[in-house]
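Thanks, everyone. Please have the sequence and the model open while I talk.

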Amino acid sequence: MSTTHDAAPHESAPSPTIQPADGKLGILIPGMGAVTTTFIAGVEAIRRGMAQPIGSVTQLSTIRLGKRTDNNTPKIKDFVPLAKLEDLVFGGWDIYEANCYESALNAGVLEKTLLDSIKDPLSAIKPMPAVFDKNYVKRIDGPNQKPKGSKMDHAEMLLDDIRNFKERTGASRLAMIWCGSTEVFHRPAACHQTLDAFEEGLRKSDPEISPSQIYAYAALKSGIPYANGAPHLTVDAPALMDMARDRNICIAGKDFKTGQTLMKTLVAPGLKSRMLGVSGWFSTNILGNRDGEVLDDPGSFKSKEESKLSALEMILQPDMYPELYEHIFHKVRIEYYPPRGDAKEGWDNIDIFGWLGYPMQIKINFLCRDSILAAPLVLDIMLFMDLAQRSGMRGVQEWLSFFFKAPMTAPGLYPEHDLFIQLMKLKNTLRWMKGEQLITHLGREYYD
Ligand SMILES: NC(=O)c1ccc[n+]([C@@H]2O[C@H](COP(=O)([O-])OP(=O)(O)OC[C@H]3O[C@@H](n4cnc5c(N)ncnc54)[C@H](O)[C@@H]3O)[C@@H](O)[C@H]2O)c1
């Protein structure tokens with residue numbers, strides 16, 4: 001087969017058989033705060049025709065098939081069989097008792113008039129009692145928690161919750177995504193090395209096992225794909241990664257790529273592609289929502305900082321381009337500032353240098369809305385995870401790196417942070433799933 005087409009030969013691995021998206025898809029969410037309620041309220045509004053799914057790749061993006069001259073560019077949702085918005089049902093857990101309507105009002109992201117018009121479906125979503133440990137999220141506490149017991153007891157209670165939710169809603173498939181608070185930074189310990197050690201740790205209530213890992217374990221044990229919207233460890237450890245692979249379940253993470261890091265992964269690849277140097281990048285932002293309050297704790301901030309710092313380093317590759325990036329000074333700050341609520345403001349000062357080393361500066365002032373940026377990601381990640389699961393894929397879904405600040409990869413592989421490479425990978429994965437030609441953008445045939 002010729003390799004001069006910009007539509008390249010088919011990938012050698014055979015395309016999977018994709019099971020149809022019949023029936024309801026239940027989306028289970030630990031943490032029903034700003035992001036979750038903005039996501040659920042948004043889906044409710046969109047399926048009533050009250051708003052457009054702006055920011056959602058699954059709902060709006062197109063995908064080119066074949067050669068540019070073929071003029072064949074369907075929407076992604078018409079190309080691969082995704083669950084429909086009408087078929088989504090929602091459930092979740094939180095340490096606060098507020099239902100989804102009340103919690104959305106507290107979050108202050110969406111207008112009350114909009115929330116009032118969908119009050120009934122939102123009020124019907126009441127958080128199940130949470131598995132919570134104050135050692136992992138220090139700044140908050142709430143009454144809606146599971147009764148005392150070992151960590152294994154809590155995992156079993158979550159298994160019951162999942163079973164009951166499925167029966168109650170009649171969902172044919174489920175998927176879980178963590179939208180709870182960011183837990184404190186921790187590294188994989190002995191109990192995270194094998195599934196046996198992890199289960200022993202659950203029975204002994206090993207302090208190294210965090211609540212998010214108990215949810216993830218319950219999801220994997222129930223055969224449900226699990227994605228992590230926060231930067232903490234959860235499934236990024238051998239025991240749970242192996243469990244996902246061995247049981248043919250999809251996992252993905254970590255940390256939604258929104259706000260300042262989204263900007264970073266837009267700008268940094270551009271500077272690098274033109275071989276412009278960077279000597280410093282200072283990022284700071286203020287936010288006043290509950291997420292900001294939790295991140296005010298040094299342990300939770302450390303999880304976030306690691307995730308934010310890694311993106312730039314991985315994109316710029318200072319080892320490969322020492323003359324451009326060897327001495328870069330990169331600093332990230334987050335300041336909790338209650339008056340701003342969810343309307344975050346971020347400032348970036350980027351010191352760059354060009355031809356002969358002459359210095360220049362770029363300033364970015366992004367007045368963003370955190371949950372407005374994150375909500376469509378929750379939808380896209382869940383729909384794609386469900387698609388991957390129905391396609392027989394398993395383990396880390398690196399093709400979903402596009403959505404994450406600190407993408408999970410196979411052990412030993414460095415993550416790809418460049419948004420545009422990530423998008424190409426995502427679309428080529430969809431083409432591969434459907435047995436279409438991959439697209440290389442070579443395009444020599446147009447000039448022959
Ligand atoms: N909004 C964004 O742009 C963005 C980007 C990247 C990552 N994130 C992450 O997404 C997560 C959610 O953000 P948010 O703005 O909705 O925060 P939020 O504080 O509004 O909501 C988090 C909710 O999780 C609950 N919670 C904490 N621990 C829990 C547990 N063990 N079980 C069940 N519930 C628990 C809290 O009570 C809270 O209601 C955070 O970890 C945040 O860092 C958000």
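I'll take the two sheets, then the cores, then one helix pair.

A word of caution before that. This is a predicted model.

Start with the seven-stranded sheet. It is open, and its order is S3-S2-S1-S4-S5-S6-S11. The pairing is parallel. Which strands sit at the edges? They are S3, residues 128–129, and S11, residues 395–396, each of which pairs on one side only. Look at the S3 edge. Strand S2, residues 88–94, is joined to S3 by two bridges, and the two run parallel. One pair to click on there: Trp93 has Met128 in S3 as its bridge partner.

Now put a helix on that sheet. H15 packs on it, touching S1 (25–30), S4 (173–178), S5 (226–228) and S6 (250–252). The direction of H15 makes about 135° with that of S4. Keep H15 in view, please; I'll come back to it with the core.

Next, the other sheet. Four strands here, also an open sheet, in the order S8-S7-S9-S10. The pairing is mixed. S8, residues 329–336, and S10 are the edge strands, with a pairing on one side only for each. From one strand to the next, the twist averages 10°.

Let me walk across it from the S8 edge. S7 and S8 run parallel, with eight bridges between them. Ile286 is partnered there with Glu335 in S8. Then S7, residues 277–287, meets S9, residues 345–353: nine bridges, antiparallel. Ser283 pairs with Asp348 in S9. Then S9 to S10, residues 359–367: nine bridges, antiparallel. Trp347 stands opposite Asn365 in S10.

How do S9 and S10 connect? They form a hairpin, with five residues between them. Check Leu356 in that turn: it has a positive phi of about 65°.

Two helices go with this sheet. H11, residues 259–273, packs on it and touches S7, S9 and S10. Its direction makes about 20° with that of S9. H13, residues 298–316, lies across S7 and S8. H13 runs at about 150° to S8.

On to the cores. In soluble globular proteins, nonpolar side chains tend to be buried together. The largest nonpolar core in this model has 97 residues. Which of them touch the most other members? Ile177, Leu240, Val378 and Ile381. And here is H15 again: residues 370–390, giving this core its largest share, 12 residues.

Take Ile177 as the example. Leaving aside neighbours within four places in sequence, Ile177 contacts Ile27, Ile29, Ala227, Gly229, Val378, Ile381 and Met382. There is also a second core, separate, of 11 residues. Its members include Ala268, Leu271, Val278 and Ile315.

Last stop, a helix pair. H1, residues 34–47, and H4, residues 100–107, have axes that come within 9 Å. They cross at roughly 115°, and the crossing is left-handed. Who meets whom? On the H1 side, Ala34, Thr37, Thr38, Ile40 and Ala41; on the H4 side, Cys100, Ser103, Ala104 and Ala107. That contact divides into six nonpolar residues, three polar and no charged.

To recap, then. One open sheet has seven strands with parallel pairing. The other has four, and its pairing is mixed. H15 packs on the seven-stranded sheet and supplies the largest share of the 97-residue core.

Over to you for questions.

Terms used: Residues numbered from 1 in each chain as written. Predicted model: local features only at pLDDT ≥ 70, side-chain atom pairs only at ≥ 80, totals over all residues. Axes fitted to C-alpha atoms, helices over the stretch in contact; angles between N-to-C directions. Left-handed = near helix turned anticlockwise from the far one by under 90°. Contact = placed C-beta atoms within 7 Å. Nonpolar A, V, L, I, M, F, W, Y, C, P; charged D, E, K, R; others polar. Core = buried A, V, L, I, M, F, W, Y, C linked by C-beta atoms within 7 Å. Buried ≥ 20, exposed ≤ 12 C-beta atoms within 10 Å, placed from the backbone. Pairing = 2+ DSSP bridges.
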